[in-house]
Every structure is written in C-alpha cells, then in structure tokens.
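Work through the exercises below with the sequence and the model open. Try each task before reading its solution.

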There are 2 protein chains.
Amino acid sequence: MFSIDYRSPVPLYLQIVDNVERLAARGVLQPDSQLPSVRGLAVELSLNPNTVSRAYGELEARGLIYSLPGRGNFLAASSSALLQAMEQQTLRRLHMLCSEYICLGQPRERWLTLCKEAWQQAENHENGKEEGEKHDRDTGADQTL
Amino acid sequence: MFSIDYRSPVPLYLQIVDNVERLAARGVLQPDSQLPSVRGLAVELSLNPNTVSRAYGELEARGLIYSLPGRGNFLAASSSALLQAMEQQTLRRLHMLCSEYICLGQPRERWLTLCKEAWQQAENHENGKEEGEKHDRDTGADQTL
DNA sequence: ATACTGTACTAATAAAACTAGTACACGTAA
DNA sequence: TTACGTGTACTAGTTTTATTAGTACAGTAT
C-alpha cells in the first residue's frame, strides 16, 4: 500500500506523508482507522522507526492524524477534512506573504488585485500544460507493500 | 554607508542586498547613479569580490539595479520602481501558492476568500504589535562605511 | 510482567549554502 | 596598443543545515 523510492531525492519521511495523504484523499483509509504502527511500518519499509515517527509527526502537525501514546496513530480526517487541512496550510503561507506585503504600506485593494492576478496566471498555466504528469511527487517506486 | 554584521547568521551577500534596498527606498541612491564597484566594496568591507558580485546579481534579478559589463553597476529603480520590484516578487510567490491551491480543485471564489482572510489576520497582527522593532533585518552592525 | 504502542535524545551521515581564490572577458582612456 | 578599470565564470574549501539511524525511555493493554 505504501510506495517508497529509496533513491529519490525526496526525503523518505515526506514520501510516507504523501502516501498517507493520498490514501486518505482516496478514502482507502477511513476516519479513526488505525495506521500501521511506527515499528511495524519501519520493518516493512526497512527504515528506522524514528523516520516513520517523524512522518507521523508531520501528519499530526498538518491535522491529518492523531496520536494516542501507547495505543497507536489514527486517521483523523475524512477527505473533506483533508481538504480543510490543506486549506489551513495555504492560509498560513498566505498570511506570511501578506504580512510582508503590508510592510510596504500598500492598501488592501492592491493586495486583492495581486491575488486575482495570481489566480489568472496560475489558471492559464494550468490550462497551458496538457495532460502531462500527475501532481504526485514520485511514482517510480521500488517497493510496494 | 553600508552596515555589515560579520557575526550575524544572515549571509553577507544578503546584508548587502538589504543595505542597497534600504538606501534606494530612502532616496539616498538616485536612479542611474553608480554603485560602488565590486572590487571597491569588497576591499572596503573586507570581503571577496565574488560575495559582492553575488549580492549585485541578486539585486539585478530583483530588478533593482542593472549591470554594464566593463562599466559598473547602476541603480535602476526610483523608490516607486523599488516598490514595483517588491510587488513583482510578491506576485511570483503568490503565483506559486495559487498553483498548488488550484490543484486541490477549489474554485476562484474560495481562493479570494482565503486572500481576504489572510489580509484580515495580517492586519490584526500588525496592529497588535506596538511600536517594537523595525522590520529591518539587522541593525547591530559592526562596521559602517 | 510482558508485549505492544509512541517519543525523546544523541550521533552519524548526506546535502546544501555560503564564501573565497583564481583566472578570464569587456570597456574606457592614455 | 597598452594599461587599468570594470563585471563574471569556474572551482574549491568551509560551514551550516537537513535527513536518517541508534539507543533508551514512557505509556497502555492483556
């Protein structure tokens, strides 16, 4: 169920995060269902338990899973909640960017103009690229479990 | 005229960039006026010419200065053009963020809602902090030239 | 108690960022 | 041309950061 490419430049713990996100978004993992244990997954993927733990920690920070010490890790989000978590992340980054922009002394209207412009550009860029690659990070996996 | 802190964790070349930005924004440097030569500034600040060159390269990428090989580096921007350059930078980062957001399949209205929300938060945060520190990166300088 | 669970701390390794050394290319003025 | 100014490309060394692994500890359930 987990696809990991050990030779990818993408950190292993991030690949695990991506896998869980994907499974959660597709509904393969149900809310409140238990994820593989830190040790169990570490053995399966031939990794150090701490690498898995770090991935789970990242997922917890993103609000996708919750941890019960001594019990295990569990999926917190339905796919709609997953979307919400992603939006939260977008909002945080947007907030940082906006703070810097406000320092320039620009008015709110100008900010919104830029936001609209960004959407325009991004949308064009999206339509410009034909059906090329998916936006999954890595798919040339070595091992599937 | 240049304030450099050699013990700051902020890279030297970025400190130079900040200095030029600050001087340009305050109108100390006039448009099309010549900046210190790469070698000259390197000697003054006891740096390698390449470090200064990298700073100038960064400034050129931001549209703040232009380079005439064999002649020197010159300030391109009036303070209004400086603002414009900063806006360009904001727009680029906004564009990247927006592209990722579009991948979630969300509509334009939702994006704009988030943008407005970000402004709201950032503005509150701005008003929340009293007159604390300036938003200059480093001011505990060792050397001034 | 035992066997499972997650986590904190430290250390070793890999990767990247930053700065400096050196040599080269272009432009201007004598 | 020659000399001296300018910026730049390429390489190497150092420092810093990110990533992963080793080990030991703490909580929970049977």
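This is a predicted model.

**Exercise 1. Salt bridges between the chains**

Task: Find the salt-bridge partner of B:Glu100 and explain why the pair joins two chains.

Solution.
- Step 1. B:Glu100 pairs with A:Arg93; the closest N and O atoms are 3.1 Å apart.
- Step 2. B:Glu100 sits in helix H4 (residues 79-103) of chain B, and A:Arg93 in helix H4 (residues 79-103) of chain A, so the salt bridge links two chains.
- Step 3. Check exposure. B:Glu100 has 45% relative accessibility, so this residue counts as partly exposed. A:Arg93, at 33%, is partly exposed too.

Task: Which residue of chain A meets the side chain of B:Arg93 in a salt bridge?

Solution.
- Step 1. The partner is A:Glu100, at 3.1 Å from N to O.
- Step 2. This pair also crosses between chains, from helix H4 of chain B to helix H4 of chain A.
- Step 3. B:Arg93 is partly exposed at 31% relative accessibility. A:Glu100 is partly exposed at 45%.

Task: B:Glu87 forms a salt bridge with A:Arg110. Is B:Glu87 buried or exposed?

Solution.
- Step 1. The closest N and O atoms of B:Glu87 and A:Arg110 are 2.6 Å apart.
- Step 2. B:Glu87 belongs to helix H4 of chain B and A:Arg110 to helix H5 (residues 108-128) of chain A, so two chains are joined here as well.
- Step 3. The cut-off for buried is under 20% relative accessible area. B:Glu87 has 8%, so this residue is buried.
- Step 4. A:Arg110 has 31% and is therefore partly exposed.

Task: How many salt bridges are there over all chains, and which residues of chain A are linked in a network?

Solution.
- Step 1. The count over all chains is 8.
- Step 2. The network links A:Glu21, A:Glu58 and A:Arg62.

**Exercise 2. The relation of the two chains**

Task: Work out what kind of axis relates chain B to chain A.

Solution.
- Step 1. A turn of 180° with a shift of 0.0 Å along the axis lays chain B on chain A, with an RMSD of 0.1 Å.
- Step 2. These values therefore describe a two-fold axis.
- Step 3. Locate the axis from chain B. The C-alpha nearest to the axis belongs to B:Cys115, 3.4 Å away.
- Step 4. Compare the contact residues. 100% of those of chain B recur in chain A, and the same surface serves both copies.

**Exercise 3. The two sides of a helix**

Task: Sort residues of helix H2 (residues 38-45) of chain B into a buried side and the face turned away from it.

Solution.
- Step 1. The buried residues are B:Leu41, B:Ala42 and B:Leu45.
- Step 2. Their arc around the axis is only 105°, so they lie on the same side of H2(B).
- Step 3. Recall the helix geometry. An α-helix has 3.6 residues a turn, so residues three or four places apart point the same way.
- Step 4. The face turned away from the buried side carries the exposed B:Arg39 and B:Val43.
- Step 5. Identify the cover. Strand S1 (3-4), helix H1 (12-25) and helix H3 (49-61) of chain B are among the elements that cover the buried residues of H2(B).
- Step 6. Look past the helix end. B:Ser46 follows H2(B), and its phi is positive, near 60°.

**Exercise 4. The DNA strands**

Task: Describe how the protein meets DNA strand D.

Solution.
- Step 1. There are 21 residues around strand D; A:Leu12, A:Asn48, A:Asn50, A:Thr51 and B:Val38 come nearest.
- Step 2. Of the strand D atoms within 4 Å of the protein, 62% are sugar and phosphate.
- Step 3. Take a phosphate contact. A backbone N or O atom of A:Leu12 lies 2.4 Å from a phosphate oxygen of strand D.
- Step 4. Take a base contact. A side-chain N or O atom of B:Arg39 lies 2.9 Å from a base nitrogen of strand D.
- Step 5. H3(A) gives the most to the surface near strand D, with 3 residues.

Task: Which side chain has an N or O atom 2.8 Å from a base nitrogen of DNA strand C?

Solution.
- Step 1. The side chain is that of A:Asn50.
- Step 2. For phosphate oxygens of strand C, A:Ser37 offers a polar side-chain atom at 3.2 Å, and A:Val38 a backbone N or O atom at 2.8 Å.
- Step 3. H3(B) supplies the largest share of the surface near strand C, 3 residues.

Note on methods: Residues are numbered from 1 along each chain as its sequence is written. Chains are lettered from A and ligands numbered from 1 in the order in which they are written. This is a predicted model: local features need pLDDT of at least 70, side-chain atom pairs count only at pLDDT 80 or more; totals for chains, interfaces and linings use all residues. Side-chain values use heavy atoms; hydrogens and water are left out. Buried means under 20% relative accessible area, exposed over 50%, partly exposed in between (1.4 Å probe, protein chains only). Helices (H or I, at least four residues) and strands (E, at least two) are DSSP runs, numbered from the N terminus. The arc is that of the directions from the helix axis to the C-beta atoms. Contact means heavy atoms within 4.5 Å. Copies are superposed by least squares on the C-alpha atoms of residues with pLDDT of at least 70 in both. A salt bridge is a side-chain nitrogen of Lys or Arg within 4 Å of a carboxyl oxygen of Asp or Glu. A residue is near a molecule or strand if one of its heavy atoms lies within 4 Å of it. A polar contact is a pair of N or O atoms within 3.5 Å; within protein, one must be able to donate a hydrogen and the other to accept it, and residues adjacent in sequence count only if both atoms are side-chain atoms.
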